[in-house]
Amino acid sequence: EDGYDLWLRYRPIVDEARRVEISAHATAIVAPAGGETMRVAVDELQRGLRGLTGHEASRVPAPDRGGAIVLGTPASSPAIAALRLEEALKAVGDEGYVLRSVRVQDRPVTVVAARHDIGVLYGTFHLLRLIQTSASVTSLDVSERPRLNRRLLNHWDNMDGSIERGYAGRSLWNWAALPATVDSRIADYARANASLGINGTVINSVNANARTLQPEYLDKVAAIARVLRPYGIRVYLSANFSAPRTIGGLATADPLDAAVAAWWRAKADEIYARIPDFGGFAVKANSEGQPGPQDYKRTHADGANMLADALASHGGVVMWRAFVYDDSVDPDRVKRAYLEFTRLDGTFRDNVFVQVKNGALDFQPREPFHPLFGAMPKTPLMAELQITQEYLGQSTHAVYLAPMWREFLASDTFAAGPGSTVARVIEGDVHPYADTGIAGVANTGSDRNWTGHGLAQANWHAYGRLAWNPSLSPEGLADEWVRMTWSNEARIVATITDLLLRSRETYVDYTMPLGLHHLIGGDHYAPMPENADPRRADWSAIYYHRASRDGVGVDRSRRGTDAVGQYRSPLRERWADPATTPDALLLWFHRLPWTYRMASGRTLWDEIVSHYTRGAEGAAAFEQAWQSIAGQVDAERHVAVAAKLHQQAIDAAAWRDKCVAYFRQFAQP
Ligand code: BDP
């Protein structure tokens with residue numbers, strides 16, 4: 001086993017009684033002819049049941065036997081129509097589904113019903129998941145509806161096949177072979193995503209090459225879209241704002257220039273002629289050297305709206321990224337996006353999202369939530385998470401990200417009083433948004449196991465499941481993933497979930513104790529607290545820790561940069577005072593003397609050292625825990641993960657040693 005099958009392994013159920021029971025609940029499949037989506041749902045169910053039970057569930061025209069699984073919509077299936085599920089189906093919306101154990105002509109059957117075929121596909125994956133995780137499949141009464149409309153992956157893939165911040169091989173899109181040949185892997189990519197409910201993918205890097213928009217490439221994109229379509233996945237593209245100049249032959253890309261707007265309209269028409277369900281554009285503008293409307297003294301809204309107008313008649317959207325940090329806006333990097341974007345609230349077209357990273361800096365292992373969440377009542381905000389572990393040990397360290405994402409999603413913005421969590425903001429529940437969405441920067445690549453590190457598959461899984469339902473718990477998701485991917489055996493489940501659930505805090509301990517952030521160099525991997533980047537202060541480490549004999553950390557309180565002022569009460573007061581700031585964010589918001597007395601009774605310096613020590617020990621313990629299940633899971637995957645954990649333990653010790661030695665020069669000169 002090389003990990004290619006992800007959480008869709010469908011290995012034979014080990015427990016004999018359980019296998020017999022499942023077989024009795026999977027005697028046949030009743031499904032309407034339907035279209036492509038119904039076909040892939042039936043294929044998946046057959047494939048899954050064959051693997052899990054060892055039996056072929058044949059397709060029969062009607063539920064003529066006990067134990068049949070009945071798939072369909074009221075419109076496509078007389079058997080489903082007869083169940084009168086209209087009310088329940090109305091409640092689950094266009095992509096939702098219900099699973100029911102019912103009796104038809106006194107025979108017990110399992111029903112997977114939805115309003116549309118895509119819901120049937122999602123429901124089929126749900127049923128398989130129950131079987132895979134040893135859950136009960138009798139007395140089913142499940143209703144599921146996604147809480148967000150657009151559940152996207154963002155690939156930072158370049159046209160030369162490399163992946164920006166990708167650590168699992170090359171791009172999945174083989175541009176040279178497309179459109180004639182579409183790698184069979186793309187269908188498996190689609191299956192994996194559909195199993196989670198992911199329904200869109202931006203296939204090229206936000207640092208976009210305009211050539212992707214040329215007809216020859218659009219044909220290739222259309223070929224990818226054809227394979228993804230049956231799985232309910234729409235294709236989106238990152239657009240380079242200068243495209244009218246670089247590939248369009250115009251003298252300008254000024255968004256208020258009529259010829260520029262006409263060029264984009266024609267481009268949109270060209271795209272939709274090939275890809276009728278094209279999703280829209282993601283845009284990184286005036287950020288890290290990318291072109292944008294400010295090059296022409298226009299605003300982000302001018303740029304976004306011009307593109308939105310080009311897409312509107314086709315139903316497309318613009319996801320305009322708020323990842324900007326122009327240093328003329330404010331001396332403190334984390335304040336800049338808020339200052340630039342809040343003033344534009346209410347000026348965007350209806351089909352524009354502003355896409356905001358979880359934190360205001362840049363995908364650090366821990367950040368307070370981005371203050372834009374809750375601060376743009378009239379603009380749908382899409383959250384952007386990073387699945388690829390750019391700053392979290394890349395594909396060498398095991399870091400399960402569900403706890404970090406839940407911490408973010410559960411953060412209270414207080415935007416409309418207590419309980420205004422980030423999750424509710426992006427769901428359009430705090431301020432009524434016309435559309436909702438979330439994006440995750442993918443960690444997939446051409447490696448056989450997709451994600452480089454065998455345990456990093458769990459992050460793709462957790463992201464997709466949280467995109468469907470941001471309230472799911474990290475514990476539940478870890479348990480589910482381990483059962484589907486490794487084993488249902490209790491000791492194995494306990495060992496791997498425990499490792500996963502500790503991993504993020506352990507990583508934080510050895511890389512950013514007490515909120516000390518960005519202690520890295522250009523590789524974003526190894527410790528480099530001494531990093532003083534000559535290109536930009538805010539790419540340095542010293543800009544963020546400011547260690548000296550007087551103390552360490554950035555003062556973002558009112559006396560300092562007043563970044564706390566971008567949060568609402570009571571957060572701005574709570575985080576303005578070291579005594580009421582959680583330890584985890586202490587040095588994010590404060591600059592304190594090394595002798596500062598912590599709640600634990602230790603000095604700040606001793607506390608920092610204890611986190612580094614604990615983190616390095618924690619990483620070493622992962623290696624041991626993993627060894628304890630050797631021989632109980634397949635050797636190939638076990639050995640591969642063991643090698644990674646070994647390196648992680650070495651690296652964690654290096655983080656501790658280097659950072660403790662570095663800060664000691666100031667703390668104990
Ligand atoms: C940073 C990455 C950079 C991305 C940028 C972005 O280092 O490669 O281009 O984010 O999100 O984290 O645009």
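**Exercise 1. Helix 9 and helix 10**

Task: In this predicted model, find which residues of helix 9 meet which residues of helix 10.

Solution.
- Start on helix 9. Its contact residues are Ala261, Trp264, Arg265, Lys267 and Ala268.
- Cross to helix 10. The partners there are Met306, Leu307, Asp309, Ala310 and Leu311.
- Sort this contact by class. It has 7 nonpolar, no polar and 3 charged residues.

**Exercise 2. The angle between helix 9 and helix 10**

Task: State how helix 9 and helix 10 are oriented to each other, and give the hand of their crossing.

Solution.
- Two numbers are needed. Packed helices are described by the angle between their axes and the distance between the axes.
- Locate the pair. Helix 9 covers residues 258-274, and helix 10 covers residues 300-312.
- Read the values. The angle is about 40°, and the axes are 8 Å apart.
- Name the orientation. Helix 9 and helix 10 are therefore oblique to each other.
- Add the hand. Helix 9 passes helix 10 in a right-handed crossing.

**Exercise 3. Helix 7 against helix 9**

Task: Describe how helix 7 packs on helix 9, and list the residues in contact.

Solution.
- Locate helix 7. It spans residues 215-228.
- Take the geometry. The axes of helix 7 and helix 9 come within 9 Å and cross at roughly 35°.
- Give the hand. This crossing is right-handed.
- List the contacts. Helix 7 supplies Pro215, Leu218, Asp219 and Ala222, while helix 9 supplies Glu270, Ile271 and Arg274.
- Sort them by class. There are 4 nonpolar, no polar and 3 charged residues.

**Exercise 4. Helix 16 and helix 20**

Task: Work out the orientation of helix 16 and helix 20, then the make-up of their contact.

Solution.
- Locate both. Helix 16 runs over residues 490-511, and helix 20 over residues 604-627.
- Read the geometry. Their axes come within 8 Å and cross at roughly 155°.
- Apply the cut-off. Angles over 145 degrees count as roughly antiparallel, so helix 16 and helix 20 are roughly antiparallel to each other.
- Give the hand. The crossing of helix 16 and helix 20 is left-handed.
- List the contacts. Helix 16 brings Thr495, Leu499, Arg502, Thr506, Asp509 and Tyr510. Among their partners in helix 20 are His611, Tyr612, Phe622 and Trp626.
- Sort the whole contact. It divides into 8 nonpolar, 5 polar and 3 charged residues.

**Exercise 5. Around the ligand**

Task: List the residues around the ligand, then look at the backbone of glutamate 288.

Solution.
- Collect the shell. It holds Glu164, Arg165, Val206, Asn207, Lys284, Glu288, Phe323, Asp362, Phe363 and Glu390.
- Sort the shell. It has 3 nonpolar, 1 polar and 6 charged residues.
- Turn to glutamate 288. Its phi is positive, about 45°, although it is not a glycine.
- Place glutamate 288. It sits in the loop between strand 10 (280-283) and helix 10.

**Exercise 6. Cis peptide bonds**

Task: Place proline 179 and proline 570, and describe the peptide bond that leads into each.

Solution.
- Take proline 179. The bond from leucine 178 to proline 179 is cis, with omega near 0°. Proline 179 is in the loop between strand 7 (150-154) and helix 6 (185-196).
- Take proline 570. A cis bond joins serine 569 to proline 570, with omega about 0°. Proline 570 lies in the loop between helix 17 (542-545) and helix 18 (571-574).

**Exercise 7. The domains**

Task: Into which domains is the protein divided, and how far apart do the C-alpha centres of domain 1 and domain 3 lie?

Solution.
- Read the bounds. Domain 1 is 16-144, domain 2 is 150-485, and domain 3 is 507-554 + 591-667.
- Take the distance. The C-alpha centres of domain 1 and domain 3 are 48 Å apart.

Methods:
Residues numbered from 1 in each chain as written. Predicted model: local features only at pLDDT ≥ 70, side-chain atom pairs only at ≥ 80, totals over all residues. Domains from an automatic or database assignment. Axes fitted to C-alpha atoms, helices over the stretch in contact; angles between N-to-C directions. Helix = DSSP H or I, 4+ residues; strand = E, 2+ residues; numbered from the N terminus. Parallel < 35°, antiparallel > 145°, perpendicular 65-115°, else oblique. Left-handed = near helix turned anticlockwise from the far one by under 90°. Contact = placed C-beta atoms within 7 Å. Nonpolar A, V, L, I, M, F, W, Y, C, P; charged D, E, K, R; others polar. Near = placed C-beta within 6 Å.
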